[in-house]
Structures are given as C-alpha cells and as structure tokens.
Amino acid sequence: MKKLGEHAIVIGAGIGGLLAARVLSDFYTNVTVLERDAFPTDDSSRKGVPQGRHTHGLLARGSAIFEEFFPGYNYDVVAQSGGLIGDVANDVIWIGRNVRLANGTSDLSGLLASRPVLEGHLRRRLLELPNVHAIEDCAVRAIATGPDRKSVTGVRTFAKGKPEEIIDADLVVDATGRGSSSAAWLDDLGSPPPAEEKVEIGIGYTTRTYRRRPTDLDGKHGIVVAGSAPNWRNGVMLAQENETWIVSAGGYLGDDAPDNDAGFLTYLATLPTMEIHDVVARAEPLTDYRRYRHVSSLRRRYERLARFPENYLVFGDAICSFNPVYGQGMTVAAEEALTLHQCLRAGSIDLARRFFGAAAKIVDIPWDIAVGNDLRHPDVKGARPPTMRFINWYIGKLHLAATRDSTLATAFLKVVNLMMPPSSLFSPAIVGRVWHGNRRPVPIHSIACNRRNEAQ
Ligand SMILES: Cc1cc2nc3c(=O)[nH]c(=O)nc-3n(C[C@H](O)[C@H](O)[C@H](O)COP(=O)(O)OP(=O)(O)OC[C@H]3O[C@@H](n4cnc5c(N)ncnc54)[C@H](O)[C@@H]3O)c2cc1C
C-alpha cells in the first residue's frame, strides 16, 4: 500500500480507535494510539469505557470485518478466552413485537464474549503490528494546528507525571467515543461544530453476570427481547466466556430495572417471555448489579460541514452512538474502518470530505433501524413520517409470519446484523412470504407472551 505519511495518531483505544489504527498501519510509517486509561492486563473493564460492564454482542457483519482485519480473531476469542461463535439465527432466541421468531440454520455467524475480552484481543493483535504502538495513561487535551489554523499538525497530551507535550502527526483521528471533544476543539480553531441530531430514549441498563449451566435455555447461546407495547421493556441474556451469562434489562424514558434481587426478578417477569426470569431465578450471581443510562441516540453531522481542518478525522461513537439495545456500535465502527481503508487507498487529498460522506451513508442504515423502531414508543419524541409508519406496520406483519417461517426470520436478522440492506425485506419473494404468513392466525405457541400479541 502506498505510504501517505510518516506518523498518524489515533486518540482513544476503544473498539473504534483500535480498528482505525489497524487501517492507518497500512498507510503510515508509524501509528500511535493514545489512551487516557491504563490497559487492563486481565481483560477486565476499565473506567474510560463504562459500557464495557454491560451486555455486548458482536453482530455477524462486525465479526466478519474483524476477521478481515485480524485473520483468526474470532477463533482466538473462542480458543483463548472461551467466547462463543454461533449461528445468530439458530443459537439465539429473538423476540420482538411480542412474538418469537422461528429459529433456523443460517450463514449468520456472530461472536459472543464480554466487551473487555473483545477489546483485549483486538488490542493485542493490533499491537503485534511492528509499526503500531500505544501510549497508556495519556489524555489528549487539544489538537495542535499550523499557523493558518486550517490544518491539524498533532495533539497536545497530558500524561501522568509529565508536563504537557505536543506530538506531531500527519493525520489525527478522534476515536474518543460519544463524549468526544472534537466540537469544542473545532470551536477553538474558529471552525464551526457539526450539527447534532438527538433522539431522547432514556434507556437504562441494569446488568448482572451469572454462572451459566449447560441446560439453561435448552443450550441456546442467548435470548434477545426487544421492547414492545404495552410496557416496552427490553431484556437480553447472552452467553460469555467462563460459562457465564450476562443479563441486562431496562426500559425507555427512565423505566429502569431495579438493582436488587426481588425487584430485578419482578421486572424480568414483565417481559413477554419468562425465559430470562427463569434462568436468573436459579442461577448463581457472580457480580453485583451495574447500571448505565443512555440518554439519547446522538448523531453528529460532520459530512454537512462546509469547513473542516485538514489532516483530521472523527470516528466511531464520536460520530454516532445509537440506542445500544440494537447492538450495532462495534459493527458500525468496523464498517467505518473498511470505508476509511477505501478512502485512504485513493490518497489523502480531500480525505475528511470523502470519509465523512461515506461514513454518513454507513450510519444512515443502523440509525434508521434504531430510531425508526424507537419511535414506535408513543412517548419518544421525533417525526414519524408516513413511510416510517408503513415500514413499522410491515415489520410487524413480517414478525408474525416469521414466527413459523425461519427463512423470513433469517432475512430479518440479516438486516439487523447489517449484512443486508433494509430494502431486501421488500423483495417480491419476502413480501410474498409475509403475505402468505399472515393469511392464517399465528399459533398460540409462537406468541412469546401470555400477555398481549401486539404486532405494531
Ligand atoms: C450499554 C451499552 C451496550 C452496548 N452494547 C453493544 C453491543 O452489544 N454491540 C455493539 O456492537 N455495540 C454495543 N455498544 C456500543 C459500543 O460500545 C460502541 O459503539 C463501540 O465500542 C465503539 O465505541 P468507540 O470505540 O467509538 O468509543 P468508546 O468505546 O467510548 O472508546 C473511546 C475510548 O477513548 C478514550 N478516550 C476518551 N477521551 C480521551 C482523551 N481525551 N484522550 C485519550 N483517550 C480518550 C476512552 O478512554 C476510550 O478508551 C453498546 C454501548 C453501550 C453504551
């Protein structure tokens, strides 16, 4: 690959930063990752990534891209740390719109392991590359610019026990996550900050880890319950390394699951299936309860800025962070990494405009999936154009038909796993199956709940 410069810096060693650094290693002689935290030696969670203590699963598309950048990655997570590779459509139970999708074998392969394990493997593989190194305990305070303030020349860092330092670079990538300071740093340069789009969802996560028994959930790797009327509560239980389950539950707009045994179980019993409740009621807890609040889905529109400094990019959650219940963030970062690679193959001229334009197209799909579904909740604020209402109605019908049609269920999960575009659900073959599937009433055993079968 043609070298584009001597030195590139990535700020932040989360999943986004690690993937970005992997891409840059093909185009810059040296790449430095700067991380404000110290790296844990035992793949435990760390302060700078508070979401790391909550349920994470890697979607099929993300798992495939991680493999592309780091061949053998998925196998290593299984062989060295006890993660699980599984058929997303067959090894996981999916409940949405209060109905259970039919399981069936597919080519959708996902990876289950805790977020610290996923990140730890990625980091070790990255740092094996001879031209990449990381500086821990090193917080970036600002970006450094040339006298014209139009191009970024490096970063100002603050490392423990050291005076402020400037590190020069030909390219700087901000992968500092949702709390990114890029807007403020741009403001300091006299550049306008990006417009922000926000959808307030107030999703609370209450999470605990339990010992997993082989007979739990009939040997399935997990269950995902997506919130629907009447109570809109979500629940997820995924197998992880060391024969454990990680269980998270929570609702919209402050309807959090309690963090005590009686309250948590009572909350789980209000989901449209008792399966998570029944496992948790018998399982040995291995951690305390942990809580996390995700106030809003947040998208920063860098692609719409007329002016942006040269030699600078923003990446991953710093561009867009979604409602986490859809499990998209790491996969979107992986897709952005592929796109960054393509953009760099075409050179560094006009890089920001090309990358932000392409990244926006990537983000459009998961954003529409997440926000479109969240806006089914009557109290989530946002515009609900007729197309969105139609799509939500159609997806409800698809769910009903997919309770006994695993081909339909897999087609839906391919979209959820970002392997296929949403338009694939409107092909004549799929529409025909949805129509046929709705001609007969759904048998009672495929309705997940004994509460209400509301496909809306
Ligand atoms: C509760 C929850 C559950 C989720 N579940 C899933 C899931 O199941 N599947 C999925 O794909 N995604 C999930 N996500 C999203 C996923 O965590 C992120 O989208 C993904 O990890 C990409 O994040 P990132 O690397 O861009 O940012 P982050 O993970 O936030 O990493 C940013 C890094 O930058 C560092 N940093 C910040 N500021 C500075 C600074 N000034 N100097 C140096 N370093 C700095 C931080 O310490 C951190 O290491 C979930 C998110 C949440 C909140």
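Ala, Val, Leu, Ile, Met, Phe, Trp, Tyr, Cys and Pro are counted here as nonpolar, Asp, Glu, Lys and Arg as charged, and the others, Gly among them, as polar. The model is predicted, so that local features need pLDDT of at least 70 and side-chain atom pairs count only at pLDDT 80 or more, while totals for chains, interfaces and linings use all residues. Residues are numbered from 1 along each chain as its sequence is written, and side-chain values use heavy atoms, with hydrogens and water left out.

**View A. The shell around the ligand.** By class, this shell has 13 nonpolar, 16 polar and five charged residues. Of the 34 residues around the ligand (a heavy atom within 4 Å of it), Gly16, Glu35, Arg115, Asp317 and Met330 come nearest. At least two residues of the shell are supplied by each of helix 1 (15-24), strand 9 (138-145) and helix 8 (329-345); helices (H or I, at least four residues) and strands (E, at least two) are DSSP runs, numbered from the N terminus.

**View B. Polar contacts of the ligand.** A polar contact is a pair of N or O atoms within 3.5 Å; within protein, one must be able to donate a hydrogen and the other to accept it, and residues adjacent in sequence count only if both atoms are side-chain atoms. Backbone N or O atoms lie 3.3 Å from a ligand oxygen in the case of Ile15 and 2.8 Å in the case of Gly16. From the side chain of His56, an N or O atom is 2.8 Å from an oxygen atom of the ligand. The ligand taken alone exposes 1000 Å², of which the protein buries 94% (Shrake-Rupley method, 1.4 Å probe; for residues, only the protein chains shown count as cover).

**View C. The buried side of helix 3.** In helix 3 (residues 73-81), the buried residues (under 20% relative accessible area, 1.4 Å probe, protein chains only) are Tyr73, Asn74, Asp76, Val77 and Ser81. They lie on the same side of helix 3 because they cover an arc of only 165° around the axis, taken from the directions from the helix axis to the C-beta atoms. These residues pack against helix 2 (60-69), strand 4 (84-87), strand 7 (109-112) and helix 4 (115-127). Just after helix 3, Gly82 takes a positive phi of about 85°.

**View D. Asn98 in its loop.** Asn98 is placed in the loop between strand 5 (92-96) and strand 6 (99-100). With a relative accessible area of 4%, Asn98 is buried. Its side chain reaches the backbone oxygen of Ala229 at 2.8 Å.

**View E. His277 in helix 7.** Helix 7 (residues 275-282) contains His277, which is buried at a relative accessible area of 16%. Leaving aside neighbours within four places in sequence, His277 is in contact (heavy atoms within 4.5 Å) with Leu265, Leu268 and Ala269.

Note on methods:
Buried means under 20% relative accessible area, exposed over 50%, partly exposed in between (1.4 Å probe, protein chains only).
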